[in-house]
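The exercises below ask you to read helix packing and charged pairs from a model, and each task is followed by a solution that goes step by step.

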Amino acid sequence: MKVVGTDRRPDWPKLGPSIIIATALIVAIRTAKWAAKASGDAQFSDVDVELDKEVNFAVRLSVRVMHELLRRHESLFPQKDIPIYEAGSDEDSPK
């Protein structure tokens with residue numbers, strides 16, 4: 001199988017940290033003025049329905065923004081070269 005060129009595409013594994021950072025920033029900005037809550041029971045100290053709603057909203061928002069940026073400005077993100085192979089039989093194709 002002969003490589004006849006390359007195609008530049010976003011490097012998807014490197015986009016994961018971008019989504020996490022964007023989501024964390026959205027949550028931090030939207031919850032910055034929330035009053036601190038004292039937990040009465042240490043077992044349920046991390047349970048907060050309102051915070052869960054904010055996190056879900058932030059994930060949806062950051063993924064929507066990422067998809068739009070990838071659609072319009074793909075070159076902003078880390079790229080990798082994908083080899084383009086010469087047409088041949090299915091037996092010659094890399095797995």
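## Exercise 1: Two packed helices

Task: describe how helix α1 and helix α2 pack in this predicted model, and state which residues meet where they touch.

Solution. Two packed helices are described by the angle between their axes and the distance between the axes. Helix α1 covers residues 16-31 and helix α2 covers residues 49-72, and the two pack at an angle of about 130° with their axes 8 Å apart. An angle over 145 degrees would count as roughly antiparallel, and one of 65 to 115 degrees as roughly perpendicular. The angle of about 130° falls in neither range, and α1 and α2 are therefore oblique to each other. As for handedness, α1 passes α2 in a right-handed crossing.

The next step is to list the residues in contact. From α1 come S18, I19, A22, T23, I26, V27, R30 and T31, and these meet L51, E54, V55, F57, A58, V59, L61, S62, V63 and M66 in α2. Sorted by class, this contact has 12 nonpolar, four polar and two charged residues.

## Exercise 2: A charged pair between the helices

Task: R30 and E54 both belong to the contact of α1 with α2; determine how they pair and whether each is buried or exposed.

Solution. Side chains of opposite charge can pair when their charged atoms come close. The closest N and O atoms of R30 and E54 are 2.5 Å apart, and the two residues form a salt bridge, for which the cut-off is 4 Å. Because R30 lies in helix α1 and E54 in helix α2, the pair ties together parts that are 24 residues apart in sequence. R30 has a relative accessibility of 42% and counts as partly exposed, whereas E54, at 14%, counts as buried.

## Exercise 3: Other salt bridges

Task: state how many salt bridges the structure holds, and work through the pairs of R9 with D7 and of K14 with D11.

Solution. The structure holds eight salt bridges. One of them joins R9 to D7, with the closest N and O atoms 2.9 Å apart. R9 is partly exposed, with a relative accessible area of 45%, and D7, at 27% relative accessibility, also counts as partly exposed.

In the pair of K14 with D11, the closest N and O atoms are 3.8 Å apart, which is within the 4 Å cut-off. D11 is buried, its relative accessible area being 11%, and a value under 20% is what that term requires.

Notes. Residues are numbered from 1 along each chain as its sequence is written. This is a predicted model: local features need pLDDT of at least 70, side-chain atom pairs count only at pLDDT 80 or more; totals for chains, interfaces and linings use all residues. Side-chain values use heavy atoms; hydrogens and water are left out. Axes are lines fitted to C-alpha atoms, for helices over the stretch in contact, and angles run from 0 to 180 degrees between N-to-C directions. Helices (H or I, at least four residues) and strands (E, at least two) are DSSP runs, numbered from the N terminus. Angles under 35 degrees count as roughly parallel, over 145 as roughly antiparallel, 65 to 115 as roughly perpendicular and the rest as oblique. A crossing is left-handed if the near helix is turned anticlockwise from the far one by less than a right angle, and right-handed if clockwise. Contact means heavy atoms within 4.5 Å. Ala, Val, Leu, Ile, Met, Phe, Trp, Tyr, Cys and Pro count as nonpolar, Asp, Glu, Lys and Arg as charged, and the others, Gly among them, as polar. A salt bridge is a side-chain nitrogen of Lys or Arg within 4 Å of a carboxyl oxygen of Asp or Glu. Buried means under 20% relative accessible area, exposed over 50%, partly exposed in between (1.4 Å probe, protein chains only).
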